[in-house]
Amino acid sequence: MQLYTAGTGNGQRAAIAVNECGVTCSIHVLNLAQGDQKKPEYLKINPTGRIPTLIDPEGPDEKPLTLYQSWAILIYLAEKTGKLRAHSPLARARTFQWVAEGASDMAPTAQNIFFLGNRMPEKVPDSAIKFYEERLATQFRAADQQLAHSPYLTGNEITIADIGLYPIYAGRKPLIDGAGLKNVAAWGERIGARPAVQKGMKLES
Ligand SMILES: N[C@@H](CCC(=O)N[C@@H](CS)C(=O)NCC(=O)O)C(=O)O
């Protein structure tokens, strides 16, 4: 397989998924600041001009598959390899809940904090950034309550839910730890100690 990625939360999520699932994969780190993601040859595999993108030469129906969206890559690799999957119907349902929470709420909230603080042409009021910071802390508070009862988000086994949320946590660790979320902090230590996670987090962008 080939993974085109970069050292951002979304890029790290896909790289960790590749490492955790143990697939043979060449990892290509794009330089986003220099616009590698907008080059015509890259737009051919990902017309959105963003990372990550996975190419699996042995995709479904024995045909090559090109796939973008980090959460889709994570789910695809878990389905393909049987790794990081929840097994009971209840744990599977909770996995879907956390994947939806991460993809549709937490990751965009974290991205808003980054864009407002780093990408706006004018200075944004501190209150706007604080609004999204408090929102992210509240979203992780629900994870903290779950993690008071189990070592991972959906029970005793690590799943795509944990891998999906981890780069969001790692990118805003001081904010989330500062909100006193002790169970999330312990979970973060647990996930962050995994060699496959450490390797995926170390991409240079
Ligand atoms: N929801 C998408 C977001 C992808 C995304 O926003 N990628 C960013 C890096 S984190 C990107 O490629 N930005 C470069 C650009 O927009 O030019 C995912 O999870 O893959």
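**Exercise 1. Which residues are around the ligand?**

Before we start, two notes. Residues are numbered from 1 along each chain as its sequence is written. This is a predicted model, in which local features need pLDDT of at least 70, side-chain atom pairs count only at pLDDT 80 or more, and totals for chains, interfaces and linings use all residues.

*Solution.*
- Step 1: take each residue whose C-beta atom, placed from the backbone, lies within 6 Å of the ligand.
- Step 2: this shell holds Thr8, Asn10, Gly11, Leu32, Gln37, Gly49, Arg50, Ile51, Pro52, Gln69, Ser70 and Trp71.
- Step 3: helix H1 (9-21) and helix H3 (70-81) each give two or more residues to the shell. Helices here are DSSP runs (H or I, at least four residues), numbered from the N terminus.
- Step 4: by class, the shell has 4 nonpolar, 7 polar and 1 charged residues. Ala, Val, Leu, Ile, Met, Phe, Trp, Tyr, Cys and Pro count as nonpolar, Asp, Glu, Lys and Arg as charged, and the others, Gly among them, as polar.

**Exercise 2. Find how domain 1 touches domain 2.**

*Solution.*
- Step 1: an automatic or database domain assignment divides the protein chain into domain 1 (2-83) and domain 2 (89-194).
- Step 2: their centres, taken over C-alpha atoms, are 22 Å apart.
- Step 3: 10 residues of domain 1 are in contact with 10 residues of domain 2 (C-beta atoms, placed from the backbone, within 7 Å).
- Step 4: on the domain 1 side, H1 and H3 each give two or more residues, and H1 supplies the largest share, 6 residues.
- Step 5: that side divides into 6 nonpolar, 2 polar and 2 charged residues.

Methods: Contact = placed C-beta atoms within 7 Å.
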